Amino acid sequence: MDAEEHSVIMQQVMELESPIYCLKATVKEAKGILGKDVSGLSDPYCLLGIEARSQEPAHPDHRKRMKAVVKDLIPEDQIHRTQVMNQTLSPVWNETFILEFKDVETASFHLDMWDSDVVESMRHKLGELTDLHGLKRIFKDARKDKGQDDFLGNVVVRLKDLHCWNDQWYQLEPRTETYPERGHCHLQFLLTHKKRATTSSRTQPSYTIHRHLLQQLVSHEILQHQAGSTSWDGELSSHASTVLYLHATQKDLSDFHQDMAQWLAYSKLYQSLEFNSSCLLHQITSIEYRWVQERLKPEQKAELAESFQSLLTYGVSLIRRFRIIFPLSVPRSTDRLQSLLRVLVQMCKTKAFHELCTPNPDLPQMVSTALKSGTTEWFHMQKQHLKPMVKSIEENSKALFKLLLEVIEDLKQCQKIWNKLFTTNLKLNIFSIAYLELESLVAEHVQEQLHKVDSSMSRPTAESLFDLYRKLQELYQMKDSLPSRDGPLALSNFHQWFEEALPLWLQKAYTTTLERAQRAIQMDQLKPYGYHKHSTSTVDLSTCYAQIMTTWQQLNWPDPEKAFMIMVNLLEDMCKISLMYCKLIKERAEALSLSEQNEGEAANKLCIVVNNIEQLRLLMLKLPLQLDWAQLEQRMKGIIDPQQIQNALHNQLDSTVACLDHEVQDVVQALATKLEKGIARHIQELSSTSDTQKPEDSIIPLMKFLESELQYLNEHLVQENFKSLLTLLWHHTLSVLSAARGPHVPSVQHCQRLFCALKSLELCFHAEGCGLPLETLHSAAFQALETHLALCSATSRKLIQKYFRNRIQQQVGGSPSPIPHPTLAHRPCLRKCGISPPPSQSWGCWGRFCHSVEQERTQCIPEDSSTSWYPKTPSEPLPGPVHPLHDGDKGSILILVPHCPAGHQLREVRGRDRQSSVPAFGAETPCGSAQRHQPHPSGLQRLQRPLRAAHPGAPARVPRGGGPDHPVQEERAAPPLRRSLRLLDPPREVPAGGGLSAADRV
């Protein structure tokens, strides 16, 4: 409204007949007033009225014009009087008076409070006398006129100082200064009018006029906010609130009538204009709080009942279309819907609704019916919106897919957002209502569209049907969120609608995976992928297999028997692709190797191939767990024979894994073949090395070769394949070392080089536990070769020590380590040394000679410190079969005599002593030749006999010219025993008391 229009309206109002202004004054109570009676109390009452022209005092302290103003200045017919409250200093009146006036600028309100006095006898007054103050009042009353009331105080208020409505305590002013504190009076003022000159005032009640005025103001507020693209929160502007307040006050409308007028105005406007319904909640709550049916006229009751019914119908219609009215894309939509639900629920709970709206409607039932019909309307609207332009199976499938997207999204919103609102306010599960309605509609519509589908469909059609199947499956699985249901759903057997398309889906999965695998192999450069040891084609193939697993999970075919057949087909496809991959990746490696013409790069490509196949093998082994075969077998229980499941799934997978293992072994064997040539070459060079070179130095080239090659393979092969390669190389190395021994007797240095190489290779292949385990390394071939090389490379002293240890263990019942029997190869060595080799049956567990005998046979034996010894010449024969032991270090020969009564069985023969009569080596001993043919005692017995012959009191040394039991030829029997024991342990002195201790015997 512009200023000119406003001026015209104001002029029209000024030209109307002025209304009669009124002051609605309510005298509520007073406190702290003076006690004027003999009893110390008063009988107060009030006189009040409006003075047309207020009289201003000349001075603030001058109060003469204030005295008895009501009686003196206001006409008697305009004076109002309250009741008399007897004998109290805190009177309560709560009396209301309507006082008319003409000019608010000049008029003033006056109130006088008086103590009412009646004529009483002196005896009655003396009976009420309680103190000296009462006696003083008696004398004072005697001086004044009979029946004259006492002044208690007054209140004067200018009307122009009042607001439209005032409620406060006013101080009672005195007429003199005798008693300045005279108490307070509680007054309430309300400025109003009557007899307006407007048409509405003459024809309509004030309540109706107030409601119309409220509707006008609210409509103006809503339109103002809509013009500014903002929503109205239900609050009126300050000017509109003031106008309504003044109108309600002037028309003397009660709070209940004001609340009912606001409810009628807001509920009616809510049905035509958009604003927040929260303001309705406040009004309906106020009506419930102040509801008194008797205060309403019949037309007001009908009007209120009609507003209830109208809002209920409109609110239910909004709930039916809540997807459109309250979209989630608009902010605060959930708050608006929740506010509407709360208003409807609160309205249906009020006393006014139950008394005025009969029969009472069932709000939850009404809302449930509205939601069902609204869901059906929404579905048909979406179906019409997504209807394809071209009527084909493929286009219909795409349209159905989009429709299912909308349906599933709507159900998710109902479950996650809307269900909470309806459950809290109405105890309704909107998800259950919407799902049951939409599920039946979708099933009917899909069956109608798919009745023409057959096995001759195209590939794009099959793909679109697969997407449709997945969405139907997702929709069907949402049934698990239903609280309860009766009977089967319409989508229970939806998978049967797609049986014709199932073979095409499986063929599509196989074809796609095969093409991707082939492209991945063609693009693979057989280089490590990142920090892994396999190449990119394996990663791509694993991704393809993951897609097949996803397809299986997405199908989730409900029929167990059909699901088993699907699994068999998928497994066959993956097995075919795996074997095809092995073939193509080897061809790819061969092609890359030929193009590069580099032996090292070719080996590298083979390493990548091995790792790729190994990675594929591990991937295949994970299939039972990833495809959840255990659950499938559980579903198959009682339907398919377990042996059939074993044959169709497990055996097929095991066969494929075995083929992959064979492929890995083939490639590993190819790598091993490349290394075997180098190993054989280095071992051949080791065998032909000069004897003057140390064994440790001769094996350096071999160890450097293995270190470089194995380090490279360890970096480029996975651990399983690397250990397989090590196993092949180890067996090959053992065979090469065994062949390097040669058919003839090797030299000691040659055996030492081979033995050193064997032990070094053992450490190399074991690699402190990182390589092959010791159980694999210590095979039968290794143990035989190790034993043979150890014996061939050992000295005679060590062989003799080993012999005695084994004989002693044999005597005490142990299991001695095996000592090879002397072969014919050892006999030439014995003969060259002048020793007659014993027959084979007389060696027993004899330890073999060290080959150093051959080398030391021409050396002279060093002379002893006391005697001179010379070697026995080869031409002199040995007297009978003996057991010679040759010490390569000192050239001495020990002869074990088969039997000797004297107990000296072990002798040391170095040659003929030039200064003594000791027989030469091989000469006849005094023991007699007849005793040599007796059975040979055991080694331990031979060692123990000299100890038994010597008693504790016998001397340690035997005299050279002893008695018959001690011939001259056997002088010093103990030294040969000590020399023999010296071969096992360091020499020990024989105790002076005679025999050897147990430690010396051992």
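This section describes the pairing of strand β1, the side-chain pattern of strand β4 and the surroundings of His445 in a predicted model.

Strand β1, which spans residues 20–31, is joined to strand β8 (residues 184–194) by 11 bridges, and these two strands run antiparallel. Within this pairing, Cys22 of the model stands opposite Thr192 in β8. Strand β1 is also joined to strand β4 (residues 92–101), again in an antiparallel arrangement, through 8 bridges. Two positions illustrate the register with β4: Lys24 has Ile98 as its bridge partner, and Val27 stands opposite Glu95.

In a regular strand, side chains alternate between the two faces of the sheet. Strand β4 shows such an alternation. The side chains of Trp93, Glu95, Phe97, Leu99 and Phe101 point to one face and are buried, whereas those of Val92, Asn94, Thr96, Ile98 and Glu100 point to the other face and are not buried. Of the β4 residues named in the pairing with β1, Glu95, opposite Val27, belongs to the buried set, while Ile98, the partner of Lys24, belongs to the set that is not buried.

Elsewhere in the chain, helix α16 comprises residues 430–450 and contains His445. His445 counts as buried because its relative accessibility is 13%, a value below the cut-off of 20%. Leaving aside residues up to four places away in sequence, His445 touches Phe379, Lys383, Leu400 and Leu403.

Definitions and conventions:
Residues numbered from 1 in each chain as written. Predicted model: local features only at pLDDT ≥ 70, side-chain atom pairs only at ≥ 80, totals over all residues. Heavy atoms only, no water. Pairing = 2+ DSSP bridges. Helix = DSSP H or I, 4+ residues; strand = E, 2+ residues; numbered from the N terminus. Buried < 20%, exposed > 50% of the residue type's maximum accessible area, 1.4 Å probe, protein only. Contact = heavy atoms within 4.5 Å.
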